[in-house]
Protein chains: 4
Amino acid sequence: MAKSKFEYVRLFESEDRCLPNTWIVVRVDGKGFHKFSAEHNYEKPNDIRSLSLMTHAATSVMEEFKDICLAYGQSDEYSFIFRKETQAYSRRSSKLSTNVCSLFTSAFVYHWSEHFPTISKPLYPPVFDGRTVLYPSDQNMRDYLSWRQADCHINNLYNTTFWTLIQKAGMSPNEAEKILKGTLSGDKNEILFSQFGINYNNEPEMFRKGTLLVRRRVPVPLPNGGTREKSQIIQQYADVIGDEFWKENSHLLASSS
Amino acid sequence: MAKSKFEYVRLFESEDRCLPNTWIVVRVDGKGFHKFSAEHNYEKPNDIRSLSLMTHAATSVMEEFKDICLAYGQSDEYSFIFRKETQAYSRRSSKLSTNVCSLFTSAFVYHWSEHFPTISKPLYPPVFDGRTVLYPSDQNMRDYLSWRQADCHINNLYNTTFWTLIQKAGMSPNEAEKILKGTLSGDKNEILFSQFGINYNNEPEMFRKGTLLVRRRVPVPLPNGGTREKSQIIQQYADVIGDEFWKENSHLLASSS
Amino acid sequence: MAKSKFEYVRLFESEDRCLPNTWIVVRVDGKGFHKFSAEHNYEKPNDIRSLSLMTHAATSVMEEFKDICLAYGQSDEYSFIFRKETQAYSRRSSKLSTNVCSLFTSAFVYHWSEHFPTISKPLYPPVFDGRTVLYPSDQNMRDYLSWRQADCHINNLYNTTFWTLIQKAGMSPNEAEKILKGTLSGDKNEILFSQFGINYNNEPEMFRKGTLLVRRRVPVPLPNGGTREKSQIIQQYADVIGDEFWKENSHLLASSS
Amino acid sequence: MAKSKFEYVRLFESEDRCLPNTWIVVRVDGKGFHKFSAEHNYEKPNDIRSLSLMTHAATSVMEEFKDICLAYGQSDEYSFIFRKETQAYSRRSSKLSTNVCSLFTSAFVYHWSEHFPTISKPLYPPVFDGRTVLYPSDQNMRDYLSWRQADCHINNLYNTTFWTLIQKAGMSPNEAEKILKGTLSGDKNEILFSQFGINYNNEPEMFRKGTLLVRRRVPVPLPNGGTREKSQIIQQYADVIGDEFWKENSHLLASSS
């Protein structure tokens, strides 16, 4: 069998190494999840089962890729931040995005029943797409996360008000939509508080801020009374737009150049 | 919330549209499947459950992406051929590879128990990577498929002989490896035939040639006695290296320019 | 001197190899030549000195790059067609475009005075930009050339009529523009013929069709009475939109796959 | 004329925008200048006419591209640093490299006779290639310049010793090469000093360090006795490896993020 005769087709593969010394972000996004969530009767405005399954899948990804220092998730999306110096898959863009995307999807289906115990399996296989984006400076990477968190805030405030009008005031989706058209954040806060006694700031942080997974070295006690450091993935709902999170997690940005 | 302040980070996304009028191949490959197959006691040299699950997952991909005209699978890999003119995802390379890869993975986990009825679920979430490769001419695309099928042939002949030596002659893997070192195809055929009475050419075509999924228009009878054409995905184990398959499936290559 | 300490910066260079088995077109375009031609009093609508200088520079490029099989020029632009199989500069896109562009520019300045004998040198250094475009099929590459030649035809018919109205009928540019606004090709032909007795089809082919440089093997007589083949660059003003040129130059398209 | 029929070929052009907020370096390199310099009898080890012509051409480039804040040249190469925020040509890589490369080449040929008054024009058109490289951090960009300046130092020390052995000690090139084989910097300094009384550190800085072109705002006196700031290109031979130059030119690195 003349293997070599066809081997030439490998030369058509193109290189796609990411620029060195640059933050690599891989974001996975649910495909058609508006429909998927409706078909699986997701609770509105937030389904805690779905969010915990998303975070479970994201944790699987972080356990596999040690160079992901931070992940951020909200709604049907999760972003993974590889440290600037990573050499994972020689920084090949398509290798990174397809591996992260496949593992995330796989873990999502695999762990489904642990989070949706009353639905033995999804009605059909869910799909996530993936993309790789590069950010040269720490500020750009922080602004990326701020962009996603601001998006979370805006959507969640809207959805919370929208579904409260439907669930508590008995409105139709059309009526609720009409009322919210053109409103600012302050207006929505006011509707929630004055009409329903809801202080938006008391809503669960997971809904308002999304979920952060931070890799951190934590001390572990040893039998001899001493301690050793161990890398752990910590889940939290912090604000990433302000400076405080970054001061407390200065190890995330500390790099050689 | 100053949404616009962070919105600029979208400008860091790069375009990756595939060259027009070019065959787009997306190949998914099992990650660490040597280990995965051992841990799940795959039958050797071929596990028909695994192959049928792979083909099930590939069929899900073809049902979703109507512009995939042909798929070819063997071992733990599957290649999907998008027709030259496809505008799926505006031909964006990373969109195509991550969507195909995610759906394939998702369907693989989702349909697992239908193919492995005695193993309720895999021990852990399996992963596939994905890549996009472009082929400008029909001949290049055919040579790509020939490359994969020649690879299938070479590996399967080796594995068939290797596992026969172990399973039927009671050799250790080391002993079998030593015997096969440096042998040509003819030598392996001879070992199989003279020592074990096995005519390699009578081995199942699915093992020797891999699996083709071809999209084809087939006539469907109508109540009124007439027929209409319907697109169907046909599974077969043909030789793609020779010309016959391509003559019988000339619709695959027929395109405007 | 710690050379190695800084050497790492070479890793930031990215690969840009062109897809194999694909036509590579490098086009150079004059930058700001509307102004440049006015400042150097180019004759209107066509300055034969400029066109011959452009072709001189293009010939220098073809003499250097043996894998350019065809070049086409009009106005202040020239396109160079590398044969599909070229391995020049390992098909690196930026190497091809910058080398072609630099040599073209260099030859243009170098040979200036041979074509503009009354202007010893340009008023300032002229600039050309360059780009690389890939075309997978022969038809795509032919259509590229047809696009450029159609562009030449449209512009030249317009310019010929425009400048005739100015030069022969004493109109101002504004008046000529107003008359031509919204006219079709037939209208312009009619203006030229009925008002000025000019049959556009009798205008020089170089102006109407642009210039082709074709690499061709021609027989060269030997002292012993025999002949040998020699590669030569032939200048002609053929139509590349129809089939005739391609039939007469079938060697340009004849390639392995 | 069916223009639209061919217009589709424009879709085959690919986008190549440089990552935002990243230093863009365009380097032009003489092609075959070993031969070119020999054929034009360049003085050895350095020809001040050639270096001043290179710097003249580089200055033309900087006058055209206001977003080049710094250029560095040595031997037959020049590097141009665009500021991180530049939007020149929408940051399209091939536009930047071909325009810089063409203008540099054009100016080199155009101004030749001003620097080589005894050679009316070169024997043939010289060529420079160009490439674009991205550097995400200030340190990476500084290290790039350090790499080029270290290269200048190493080559110039070698060439100075090599040509001194030939020109002052009457050696053949082969003999000089043999003596220098395996020597370190200290050895070459010692040869120059002990055998020829040459203190390498007293050699012209332009030869030892290469040429920097820095864009700087300088005060210009006004008729009324006041001053206004004007952007100027300053030529100097500073060390870019240490910190001093960067402290004195802190405006080069000062940017928003």
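Arg27(D) counts as buried because its relative accessibility is 6%. Its side chain meets that of Asp29(D) in a salt bridge, 3.0 Å from N to O. Asp29(D) also counts as buried, since its relative accessibility of 15% falls under the 20% limit. This is a predicted model, and the report below covers its charged pairs, one sheet and two interfaces.

## Salt bridges

The whole structure holds 68 salt bridges over all chains. Side chains of opposite charge can pair when their charged atoms come close. Four of the pairs are listed here.

| Pair | Closest N to O distance |
|---|---|
| Asp47(B) and Arg49(B) | 2.6 Å |
| Asp29(D) and Arg27(D) | 3.0 Å |
| Glu205(D) and Lys209(D) | 3.0 Å |
| Lys95(A) and Asp129(B) | 2.5 Å |

The pair in chain B is buried on both sides: Asp47(B) and Arg49(B) each fall in that class.

Glu205(D) and Lys209(D) have a helical setting. Both belong to helix α9 of chain D, residues 205-209. They are four residues apart there, so about one helical turn separates them. Their side chains meet in a salt bridge. Glu205(D) is partly exposed, because its relative accessible area is 35%. Elsewhere, salt bridges with shared partners link Glu13(A), Arg27(B), Asp29(B) and Arg131(B) into one network. That network includes one residue of chain A, Glu13(A), along with residues of chain B.

## The sheet of chain A

Chain A has an open sheet of six strands. Their order is β4-β1-β3-β2-β5-β6, and the pairing is antiparallel. At the edges lie β4 (128-135) and β6 (227-236), each of which pairs on one side only. From one strand to the next, the twist averages 25°.

Within the sheet, β1 (residues 23-30) and β3 (residues 77-82) of chain A pair over six bridges. Their sense is antiparallel. Asp29(A) stands opposite Glu77(A), a residue of β3(A).

A helix lies across these strands. Helix α3 of chain A, residues 48-64, crosses β2 (68-74), β3, β4, β5 (211-221) and β6. Relative to β3(A), helix α3 runs at about 20°.

## Chain A against chain B

The size of an interface is often given as the accessible area lost when the parts come together. For chain A and chain B, the buried area is about 4,700 Å². Carbon and sulfur atoms give 61% of that area. The contact involves 54 residues of chain A and 54 residues of chain B.

Charged and polar pairs cross this interface. Six salt bridges are found between chain A and chain B. One salt bridge between these chains joins Lys95(A) to Asp129(B), with the closest N and O atoms 2.5 Å apart. There are also 32 residue pairs in polar contact across the interface, with both residues at pLDDT 80 or more.

Which elements of chain A give two or more residues to the side that touches chain B? They are α1 (3-7), α4 (93-110), β4 and α6 (138-167). The most comes from α4(A), with 13 residues.

## Chain A against chain C

Chain A and chain C bury about 520 Å² between them. Carbon and sulfur atoms account for 74% of this area. Each chain brings six residues to the contact.

On the side of chain A, Phe12(A), Glu15(A) and Pro20(A) supply 76% of the area buried against chain C. No other three residues supply more.

How many salt bridges cross the interface of chain A and chain C? The count is zero. Residue pairs in polar contact, both at pLDDT 80 or more, also number zero between chain A and chain C.

## Arg131 in chain C

Arg131(C) sits in strand β4 of chain C, residues 128-135. Is Arg131(C) buried or exposed? Its relative accessibility is 17%, so Arg131(C) counts as buried.

Arg131(C) has neighbours in two chains. Leaving out residues up to four places away in sequence, Arg131(C) touches Val25(C), Val26(C), Arg27(C), Asp29(C) and Ser97(C), along with Glu13(D) and Lys95(D). The side chains of Arg131(C) and Glu13(D) are joined by a polar contact of 3.3 Å.

Definitions and conventions. Residues numbered from 1 in each chain as written. Chains lettered and ligands numbered in written order. Predicted model: local features only at pLDDT ≥ 70, side-chain atom pairs only at ≥ 80, totals over all residues. Heavy atoms only, no water. Pairing = 2+ DSSP bridges. Axes fitted to C-alpha atoms, helices over the stretch in contact; angles between N-to-C directions. Contact = heavy atoms within 4.5 Å. Salt bridge = Lys/Arg side-chain N within 4 Å of Asp/Glu carboxyl O. Buried < 20%, exposed > 50% of the residue type's maximum accessible area, 1.4 Å probe, protein only. Buried area = accessible area lost by both parts, 1.4 Å probe. Polar contact = N/O pair within 3.5 Å; in protein donor to acceptor, adjacent residues only side chain to side chain.
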